[in-house]
Amino acid sequence: MTTMLVGLVTNAVSDQSRWPGWLGWLQQNAWFSFVVLGGAMVGLTVLLAALSETRTPLPPQSPRQPEDESGPAGAAPVLRSLPRDTTAFTDRDAELEALVRSARTSQETGEVLPVHVIDGMPGVGKTTFAVHAGHVLSERFPDGQLFVNLNGHTPGRRPVQATEALASLLAAAGVPTQQIPVGDDVGAVTEARAAMWRSRLAGMKALLILDNAASYRQLEPLLPGGSGCLVLVTSRKRLAAHEEVVLPVEALPPDHAVDLFVRLSGRSADVLDRGVLEELVGLCGCLPLGVSLLAARLRHHPSWTAEDLQERFVAARDRLGELRAGERAVAATFDLSYRDLEPERQRFFRLLGLHPGTDLDAYVGAALGSVSVSVARQQLDGL
């Protein structure tokens, strides 16, 4: 009918072609045919619409849930993203007890949970401690346990910007991608996403682990606004914030370092000389990362003995290079920390290596670096 209506108008203008048969009558009575065809088309349209409504019933509408309880259609909240807990967790009972006691006290008194910063040197086991503590505290924070790696000191990776981390957190909280604020002004986008993030966590009891932070500026927009959320931050640097609780993680005591080595080596303690193991872990500085890498080398070489590993490690000219297992290496960890230093501090650090002993103070640093004692003390504090 639409085709005939268009044809009537076209032929009325051109008056060139003639329709055959009964179509010619429509062409000769153009105005009357136009009205009849138009009316028939409107009538059929109404009829088809009525048939469609009767044959295709509308799906029942479910009651709308509150926005703060469930995300919009298509959102998939992922509020349980803690990494797997390790079986090699060793001797952090004092630090873990202090953290659990702090969280419990704040919850019982109704106070705001402070930010807990877990700091320490590379390879000391900060992330392992934070993840283990997250699993221990998970029952106290039933609304979610989230883990974000900020890549502050990750070889080959640039630090994650706050606006990028917020996008990941909002997506994990169930916010559809199309609803996450975007724009050319990074500062404005970060503030908008931070406000949405705080709104999503309002009134919730959640645990947030911000791993490998480079600076307080990087993690500040990620902090929840509510008083019921616990934030654990790991960093190699001492981050300055007035509301933080600092939990320094030190190297393991020698006995615990030996126990960790035995557990990860896959060997029985009866066949391992404890004196040899004490020397090995001592050469690693009792750092969990170094101990685990040495133990992995012994585990992956069934024909080696602990004495063979000790002889190889002592004779190595590049001991950091020996602390390697697969893609994990101590050298890369320390190298990245060195690169993050300012040029003046890098030079001061290199000059410290000229000292023939193992212990030094600000006066030795001043003599080696040809600087004043106050400057040497400042550089040593920074290192």
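Here are some short exercises, each with a worked solution, on the predicted model shown above.

**Exercise 1. Salt bridges**

Find out how many salt bridges the model has, and look at some of the pairs.

*Solution.* Let's start with the rule: a side-chain nitrogen of Lys or Arg must lie within 4 Å of a carboxyl oxygen of Asp or Glu. By this rule, the count is 5 salt bridges.

Step 1: take Glu95 and Arg92. Their side chains meet at 3.9 Å, N to O, and that value fits the rule because the cut-off is 4 Å. Both Glu95 and Arg92 are buried.

Step 2: take Arg158 and Glu164. The closest N and O atoms of this salt bridge are 2.7 Å apart. Arg158 has a relative accessibility of 53%, so Arg158 counts as exposed. Glu164 has a relative accessible area of 33%, so Glu164 is partly exposed.

Step 3: take Asp259 and Arg274. This salt bridge has its closest N and O atoms 3.3 Å apart. The pair links distant parts of the chain, with Asp259 in helix 9 (residues 254–265) and Arg274 in helix 10 (residues 274–283), 15 residues apart. Asp259 is partly exposed at 34% relative accessible area, and Arg274 is partly exposed at 38% relative accessibility.

**Exercise 2. Positive phi without glycine**

Locate Asn151 and Ser370, then decide for each: buried or exposed?

*Solution.* Step 1: check the backbone. Asn151 is not a glycine, yet its phi is positive, at about 55°. Ser370, also a residue other than glycine, has a positive phi near 55°.

Step 2: find the loops. Asn151 sits in the loop between strand 2 (145–149) and helix 6 (162–172). Ser370 sits in the loop between helix 16 (362–369) and helix 17 (373–382).

Step 3: apply the cut-offs. Buried means under 20% relative accessible area, and exposed means over 50%. Asn151 has 4%, so Asn151 is buried. Ser370 has 66%, so Ser370 is exposed.

**Exercise 3. Two crossing helices**

Work out how helix 11 and helix 12 are oriented to each other.

*Solution.* Step 1: identify the pair. Helix 11 covers residues 288–299 and helix 12 covers residues 306–315, and their axes come within 10 Å.

Step 2: read the angle. The two axes cross at roughly 125°.

Step 3: classify the angle. Angles over 145 degrees count as roughly antiparallel and those from 65 to 115 as roughly perpendicular. The angle between helix 11 and helix 12 fits neither class, so the two helices are oblique to each other.

Step 4: add the handedness. The crossing of helix 11 and helix 12 is right-handed.

**Exercise 4. A nonpolar patch**

Which residues make the nonpolar surface patch?

*Solution.* Step 1: collect the members. They are Met1, Leu44, Leu47, Leu48 and Leu51, and the patch has an area of about 450 Å².

Step 2: look at one member, Leu44. Leu44 is placed in helix 3 (residues 30–55).

Step 3: check its accessibility. Leu44 is partly exposed because its relative accessibility is 43%, while a patch residue needs over 30%.

**Exercise 5. Sequence and space**

How many residues apart in sequence are Gly187 and Thr163, and what is their C-alpha to C-alpha spacing?

*Solution.* Step 1: place Gly187 in helix 7 (residues 186–201). With a relative accessibility of 38%, Gly187 is partly exposed.

Step 2: compare the two separations. Gly187 and Thr163 are 24 residues apart in sequence. In space, their C-alpha atoms are 8.4 Å apart.

Conventions: Residues are numbered from 1 along each chain as its sequence is written. This is a predicted model: local features need pLDDT of at least 70, side-chain atom pairs count only at pLDDT 80 or more; totals for chains, interfaces and linings use all residues. Side-chain values use heavy atoms; hydrogens and water are left out. Patches are made of residues with over 30% relative accessible area and no salt bridge: like charges are joined within 9 Å, nonpolar side chains (Val, Leu, Ile, Met, Phe, Trp, Tyr) within 5 Å. Accessible areas come from the Shrake-Rupley method with a 1.4 Å probe; for residues, only the protein chains shown count as cover. Helices (H or I, at least four residues) and strands (E, at least two) are DSSP runs, numbered from the N terminus. Buried means under 20% relative accessible area, exposed over 50%, partly exposed in between (1.4 Å probe, protein chains only). Axes are lines fitted to C-alpha atoms, for helices over the stretch in contact, and angles run from 0 to 180 degrees between N-to-C directions. Angles under 35 degrees count as roughly parallel, over 145 as roughly antiparallel, 65 to 115 as roughly perpendicular and the rest as oblique. A crossing is left-handed if the near helix is turned anticlockwise from the far one by less than a right angle, and right-handed if clockwise.
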